[in-house]
Structures are given as structure tokens and as C-alpha cells.
Amino acid sequence: MMIQTRDKTAFLEKHIENEMQIRRWTPIRYIDNSTETGASMAVVDGHAVIIGLMLSCEEKAMQSRYGKYLLIRVKDRLTGLVVRVFAFVRPYSFRYYTWLIGHTVFVSGKLKYDPHFGFSVSMQILEEATDHSFGIVPVYSKIGGMKDETRDSYIAKALGEEEEDTVPKILRDKYRLVGINEALQSVMRPETREDILKGKLRMLFNDLFYMAARITLSHADQPDKESFRIETTELSDSIRNSLPFSLTEDQGQAVDTLIYHMKNGEPIHALIQGDVGCGKTITAFLPMIAAAENGFQVCMVAPTKILAEQHYQKLTAMLPEGSLDVRLFAGAKIRKKDKQALADGACKIAVGTHSLLQEGISFADLKLIVVDEEQKFGVEQRQFLLKRQKDTGFISMTATPIPRTLAKALYTDQSEIFNIRSMPAGRKPIITRYNNGNRRQVCVDYILKRNEQVYVVCPAIDGFDDDLDDEGAASQIMTTKKAAELYRNLFPGYTIETLDGKMKSERTDDVLKRFRDGEIQILVSTTVVEVGVDVPNATLMVLENAERFGLSQMHQLRGRVGRSEKQSYCLLISQKSPQENPRIDTMCRVTDGFRISEIDLKELRHSGDLFGEEQSGLNVYVEEMLRYKPAFDMILADTEALSREILEKHVEKMLLCEIRNHKKMIDPSKI
């Protein structure tokens, strides 16, 4: 299937790179229009399906913001009552709907009741009633820069092309699973609730089989040969001794163990996990330097340019001038002389983004790879890393701690897990408070008067949210555009700038540099600052619409402050109180990242109603393994009887199919 050139950029922004991923751009929810409900008190606050005569259509001005909406009146054929239908649609839609006056129409949406005005519906669907009106309607997340019709056309074409099923027939028969192509049709274009269930069950099996295959393959990949061996640690020891702080016990143990392995020529496969700001980076730097001073090449890969530059600056600052050739590979284009330095071995430490994981980059003697937040990389990059891990030392770092057994599964059974629990000396716990917005100005003013800086993080850049059905809900979202205007009005004497993922890299670099240099006092941003922005003078993190962030994500964002000895704060602004939102309640009570992760995995992540909310969370595989452990254990046992070829084929396909950051839905009560 050919993707038009004009649409490739829109797909890539959603991390969709191939037609298998298009087939897996799964609905964020389903509208169940299979049963006519009519307008009655029994359906109020629920989903209504009404068929009736359309009496009128009027265009009305919105009161809370610029724009218009449609007020449509429909006479319900079941009850004879006149129902008001509110439609927040595109401006030119008025002419489309007026031709339906006098026709029998099909209406669905949330039903409300007012004693003065009677029943009303916030419209999801309104069209001329036909024999095909009833059914299940999939609702997809929007793809920026692409019309819904165009997106749907690509999905339809992709579903028309079948793909190979990498789950062997013996397992499909054993677990009574439908084939992959039937499953995709059932999920993307369901006709009944049962279609969705059988499709989702098959997709869940794919995930569990994928993780089981990885674990089984990791057992088969047990290294039986000697790895690289180092002779001296003079440079790394001198740097360690010259640090302005002492390593914590956890850091020291991790560094000593990794260097011990290198001195004895033992393979390295390690995961360093710990809370935001705990000092994982220096724990990885010292083994990197030890390998490089012995003549071996090392590369450190970060998910963002911001983070890669930060690692490069910190690393070069601690190295004596001229001691090691360290180079940064984080721009759009890599210079020929830097490529050559890697190829001939002159460059001993390469720090960069996915630029280091592309074709055309070759190393003379790469012996150690360090990866920061591997789960944030794309499909091709992780394929590259998985292949490299077989013959190169590998250290992965993550600020999203997970239980040891799950870490072993995700990062292979041979991984050593180093938990960095102690925070650097002098760091104070971040004070986190909830507020409905009425103390926003007082809190920010307090920080600014101390000559310190503030992050303000918003859930969106501008415009309506894809999942909101009405103008009233959309107006409650604090976008970066609204926030910048609000904060400039509240604090006219200060410099306030915005930052988001759609800005050009030159603009992003300039804003971040000025924020680090103290020229910007308030940085209004999306979650683009979640990873890699380190400004010790920033001591307040304000999360607008905190209820719209996941727990682990809020904790990551909170970790952008508290990076010095100064007392730091996190303000969670939401119209939902901690009693109404358990994530906000947890943030106000818990500061330990390991405990946050445990709560997130075991208590707060909800897969949601099959026809309701989408699943949230960073690593869906971890949740599925945890939630469906008996099934996972059975599948893991099955993989041990399968050939390496079968397992590798499924793993490779899953990597190609996965859409990074795309969320899935599973209803545990139905499985």
C-alpha cells in the first residue's frame, strides 16, 4: 500500500511507519449504537440511541468562547417527546444538517435531562436513518494534518491486505484464537461486542507471546564466551575521587560491580533503575570512561537531543582536557569527519540520539552501549539495540523503576539489576500540593521573588482534545497558548516563553539555553520537558489539568525540580480533588519513585470499560504480564517447545507492528 507523500509526515508524527502499524491504529473507544433506547429517565447520563423526525436546525453563538453550535430538535419515535440535540461541529456543517429537516434521522450521544427544557443529547452521530444505522462505531484518535476520512481510507486499505500469522497454529488451536487478520478486522471494524472481545483476546495473546518469546530467547543467548577485558582504571578512579560529592552506597556498588566484570572479561548486561535525579548518569559514566581509557569504543544513546546534549556536556566537563575523544551525534546531519572518527576508532565515546543507530554508522571496536530510557525509542532503533546486545556490553537506564522479576523479563534474564534508591546528599524531598487554581498566583509569585524559576506544563498545545465531545469540556483544558497568556497577565514583569514538540530544533535549543541561563523565569511547556532538562534554579513545577497526566508521568515531570539543595515544590492544579482522583492523591502523599511505580502498576492503572476509557500507562506489556500472570506462565512454558526461528519471527514482527506511545484497550472483566 502506497502512502501519499503529503501524508507521510502526519503518520510519522504518530510514529506510524508501515502498513502493519496502520492496521493497529486501534480505536480509542467504541460507540455502541446497536440498540434503540429512546429518550427516558432510565437512560439519563448514559448513551442514548434515538430515531425520530427532525423538526428544526438552528445555528447558535457560543457563550464561553468564539464559535457556533447547532441546536437541532428531533421527535423521538418511541416516546413522542421532542429532544434537543446539541452539535459542536465545523462551521460549514449547518447547510449539511438543514437538508435533514423533515427526514427520519438516527441520533446517538450522551442523554441529559433538565426539568425546564426536557431531554437533550450531546451529539456523537446524527444522520439519516437507514437499515445500516445500528451497530458498533469505532472512534479513532485524530492524526494531525490529516482528515478523518483520509485516515479511515488508509485503515480500510491496510485491512484489505493480509499479513502472515506469526503465532503457530498449534497455539492458536490450543487457546481457541482467531487468526491475526480476522482479529484485526474485529478490533478495527467490529459488527458486535463479541467481535471486539475475540479480537482483543487475540491481540493480548500476541503481547504475552511476544514477552514470553523474548525471555525464552534470552535464555538461549546466555553468553558462553569471554567479553572485553580492561587493564587499568586510572582515569576513571581519578575522576571518581575528584567529584565534588561522594557516590551513594547504591551508586558505588553498581560502579564497582560493573568495573569488576570488565576487569575479569565477564559479559555486561545491566539495568540501572532509580528515581528521577538519583544519580543514574554518573553511575553509567564511570564504567564508560573505564572502557574508553583502555582503548575500547563506547556509545551512549538518549531518546532526545536535549538529553543527549546534556549528557555530552556533563561528560566532557568531568574529563581532563585531551584525555579522551568524545563527540556528540545529535543533529539532523552527522559530519563526515565524525563518522570517520567512529570508523577508524579515534572517537572513543560517542554520545547521541537515534542518529547513532542508523545505517551508515560503523564503529571500529564498539564494546559497550549505554541506553537512557530504551522504551522511548522507535521500532528500528530497538531492533538495532537487540541485535547489538548479543555481542556488546549493554547498560540500560530508566527512571521508571519496575519490580525485579518484571525487569528480568523485559531486559532479559541475564541482566543485573542495580537499584539506585538513595538520593544525592543535600537534596530535599519535593513538597507536592493540590490546588484548584485559586493559589496559582501566590505560589508562583513566592518562587519568583526568591529569584528562582518555574515550569508550567500543560496537557495540550492548542485546540480541542481528540477525546472531548463538547465545547464545554474542551474549554476547561489549559493549553500552552492559554497558559502563556494567563501567566503573562499575572506576571507582567517577568520573561515567559513557551516550548512544545512541534517547534523547530533551533527554537527549542534557544529557549532551553535561555531558561538554563536564567533569562526566562517561567517556561510554559508540554511534556517535552519530561526527560533531560536539568535546571537547578528551577524549583517549582506547576501541572495544569493534572488529572490528564498519568501517575508515572507526573512523577517524571516533578523530577525536573529538586535538582539542587534548594527546597522545591510541585503544584497540581485540577478541578478534580485528590478524593476524586487517586493519582493526584498519590502524588501528594508519595515521593519515592519505586513506590510510585508499584502503585501505578498494581493499583491505579485501569484498562477501562471495553466501550469506555482507553488504557493508560507507559509499558502496557508490564501491566499485561502482571494482570494475566497465570496465562502468561502457561504461554511461557509453551515457548520452550518452539523453535528459535518461530520465536524470533514473532519478536521481529511485534517490533515492526508496535506504535510507540499508542495506547491499547483490554477489559479484564471480560477475559
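A salt bridge here is a side-chain nitrogen of Lys or Arg within 4 Å of a carboxyl oxygen of Asp or Glu, and by that rule the structure, which is a predicted model, holds 38 salt bridges.

**The whole chain**

Begin with the entire protein chain in view, coloured by secondary structure, where 24 helices and 20 strands can be followed. Of its 671 residues, 53% are buried, and the chain exposes about 30700 Å², with carbon and sulfur atoms supplying 49% of that area. Among the contacts with a separation of 6 or more, 73% are between residues 24 or more positions apart.

**Strands β2 and β3**

Select Arg73 and Glu58 next, whose side chains meet in a salt bridge at 2.6 Å, N to O. This pair links distant parts of the chain, with Arg73 in strand β3 (residues 68-76) and Glu58 in strand β2, 15 residues apart. Arg73 is partly exposed at 27% relative accessibility, and Glu58 is likewise partly exposed, at 30%.

Stay on strand β2 and add Glu59, which is partly exposed at 35% relative accessibility. Its C-alpha atom is separated by 8.8 Å from that of Ile72, although the two residues are 13 residues apart along the chain.

Then move to Leu53, also placed in strand β2 (residues 47-61) and partly exposed at 36% relative accessibility. Show Leu53 together with Leu55 and Val82, and you will have a nonpolar patch on the surface, with about 220 Å² of accessible area together.

**Aromatic rings**

Now display the rings of the aromatic side chains, which form 12 aromatic pairs. In one of them, Phe106 and Phe134, the ring centres are 5.5 Å apart and the planes stand at 85°, so the pair is edge-to-face; the cut-off for that label is over 60 degrees. Phe106 belongs to strand β5 (residues 104-114), whereas Phe134 sits in the loop between β6 (118-128) and β7 (135-139), so the pair ties together parts that are 28 residues apart in sequence. Which side of the burial cut-off does each ring fall on? Phe106 is buried, with a relative accessible area of 0%, while Phe134 counts as partly exposed at 35%.

Two further selections involve rings. Tyr69, Phe86 and Phe88 are linked into a cluster by ring pairs, and elsewhere in the sequence Arg421 lies over the face of Phe594, at 4.0 Å from the ring centre.

**Further salt bridges**

Side chains of opposite charge can pair when their charged atoms come close. Select Asp534 and Lys314 to see such a case, a salt bridge of 2.8 Å from N to O. Asp534 lies in the loop between β18 (522-525) and β19 (538-544) and Lys314 in helix α11 (residues 305-318), so the pair ties together parts that are 220 residues apart in sequence. The two partners fall in separate accessibility classes, since Asp534 counts as buried at 16% and Lys314 as partly exposed at 37%.

For a salt bridge within one helix, select Glu648 and Arg644, whose side chains meet at 2.8 Å, N to O. Both lie in helix α24 (residues 644-657), and because they are 4 residues apart there, about one helical turn separates them. Glu648 is partly exposed, with a relative accessible area of 24%, and Arg644 is partly exposed as well, at 34%.

End the tour by selecting Glu19, Arg23, Arg24, Glu163 and Lys653, which salt bridges with shared partners join into one network.

Note on methods: Residues numbered from 1 in each chain as written. Predicted model: local features only at pLDDT ≥ 70, side-chain atom pairs only at ≥ 80, totals over all residues. Heavy atoms only, no water. Helix = DSSP H or I, 4+ residues; strand = E, 2+ residues; numbered from the N terminus. Buried < 20%, exposed > 50% of the residue type's maximum accessible area, 1.4 Å probe, protein only. Contact = heavy atoms within 4.5 Å. Areas by Shrake-Rupley, 256 points an atom, 1.4 Å probe, with all protein chains shown as cover. Phe/Tyr/Trp six-rings, centres within 6.5 Å; stacked < 30°, edge-to-face > 60°. Lys NZ or Arg CZ within 6 Å of the ring centre and 35° of its normal. Patch = residues over 30% accessible without salt bridge, like charges linked within 9 Å, V, L, I, M, F, W, Y side chains within 5 Å.
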